[in-house]
Amino acid sequence: MNRSELVAALADRAEVTRKDADAVLAALAEVVGEVVAKGDEKVTIPGFLTFERTHRAARTARNPQTGDPIQIPAGYSVKVSAGSKLKEAAKGK
């Protein structure tokens, strides 16, 4: 399902216009992005998803072509965890 199909499904399910559904989806993405960028809290949609920023330590890796060691600097990543309702849906229940 791509974005336009998701917007259409949301609009039908919520009985709103596609424009309104698209605006809500865009606002959700923006809010989640801002909270994750701050990194001081996580976003939880109960039973569905949790988004949080995690710190990745600096580490040494190897260049797969040459085998030479390279340093990968510390940085941040995003952890997305599935909630219980989403896990049950994935099982087909």
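## Helices, strands and the overall layout

Before looking at T50, it helps to know that helices and strands here are DSSP runs: at least four residues for a helix (H or I) and at least two for a strand (E), numbered from the N terminus. With that in hand, T50 can be placed in strand β2. Keep in mind that you are looking at a predicted model.

So how many helices and strands does the protein have? There are 3 helices and 5 strands. If you walk along the sequence, they come in the pattern α-α-β-β-β-β-β-α.

## Overall shape

What is the radius of gyration of the protein? It comes to 19 Å, whereas a compact globule of 93 residues would be near 12 Å. You can also picture a box around the C-alpha trace: along the principal axes, the trace spans about 55 × 30 × 25 Å.

Two pairs of residues help you get a feel for distances. K38 and K91 sit 53 residues apart in sequence, and their C-alpha atoms are 34 Å apart in space. For A90 and P69, the gap along the chain is 21 residues, and their C-alpha atoms are separated by 40 Å.

## Surface, charge and contacts

Of the 93 residues in the protein, 14% are buried. The exposed area is about 7400 Å², and carbon and sulfur atoms supply 55% of that. As for charge, you'll find 15 positive and 12 negative side chains, and the centres of these two sets lie 8 Å apart.

Now take the contacts with a sequence separation of 6 or more: 30% of them are between residues 24 or more positions apart.

## The nonpolar core

In soluble globular proteins, nonpolar side chains tend to be buried together. Which residues make up the largest nonpolar core in this protein? It's a group of 6: V32, V35, V36, V43, L49 and F51. Two elements give two or more residues to this core, namely α2 (18–38) and β2 (49–56). The largest share, 3 residues, comes from α2.

Zoom in on V32 and you can see how parts of this core meet. Leaving out residues up to four places away in sequence, V32 touches V43 and F51.

## Buried or exposed?

Let's go back to T50 in strand β2. Is T50 buried or exposed? Its relative accessibility is 16%, and the cut-off for buried is under 20%, so T50 counts as buried. Its neighbours, again skipping residues up to four places away in sequence, are K42, V43, T44, K79, V80 and S81. V43 is also one of the core residues.

Compare that with K38, which is found in helix α2. Exposed means over 50%, so K38 makes the exposed group with its 59% relative accessibility. A90 lies in helix α3, which covers residues 84–90. At 70% relative accessibility, A90 counts as exposed too.

## An unusual spot at E15

Most residues other than glycine have a negative phi. What is the phi of E15? It is positive, at about 55°, although E15 is not a glycine.

Where does E15 sit? You'll find this residue in the loop between α1 (3–14) and α2. Its relative accessible area is 73%, so E15 is exposed.

Key. Residues are numbered from 1 along each chain as its sequence is written. This is a predicted model: local features need pLDDT of at least 70, side-chain atom pairs count only at pLDDT 80 or more; totals for chains, interfaces and linings use all residues. Side-chain values use heavy atoms; hydrogens and water are left out. The radius of gyration is taken over C-alpha atoms; the globule rule is 2.2 Å times the number of residues to the power 0.38. Buried means under 20% relative accessible area, exposed over 50%, partly exposed in between (1.4 Å probe, protein chains only). Contact means heavy atoms within 4.5 Å. Accessible areas come from the Shrake-Rupley method with a 1.4 Å probe; for residues, only the protein chains shown count as cover. Lys and Arg count as positive and Asp and Glu as negative; His and the chain ends are not counted. The place of a charge is taken as NZ of Lys, CZ of Arg, CG of Asp or CD of Glu. A nonpolar core is a set of buried Ala, Val, Leu, Ile, Met, Phe, Trp, Tyr and Cys residues joined through side-chain atoms within 4.5 Å.
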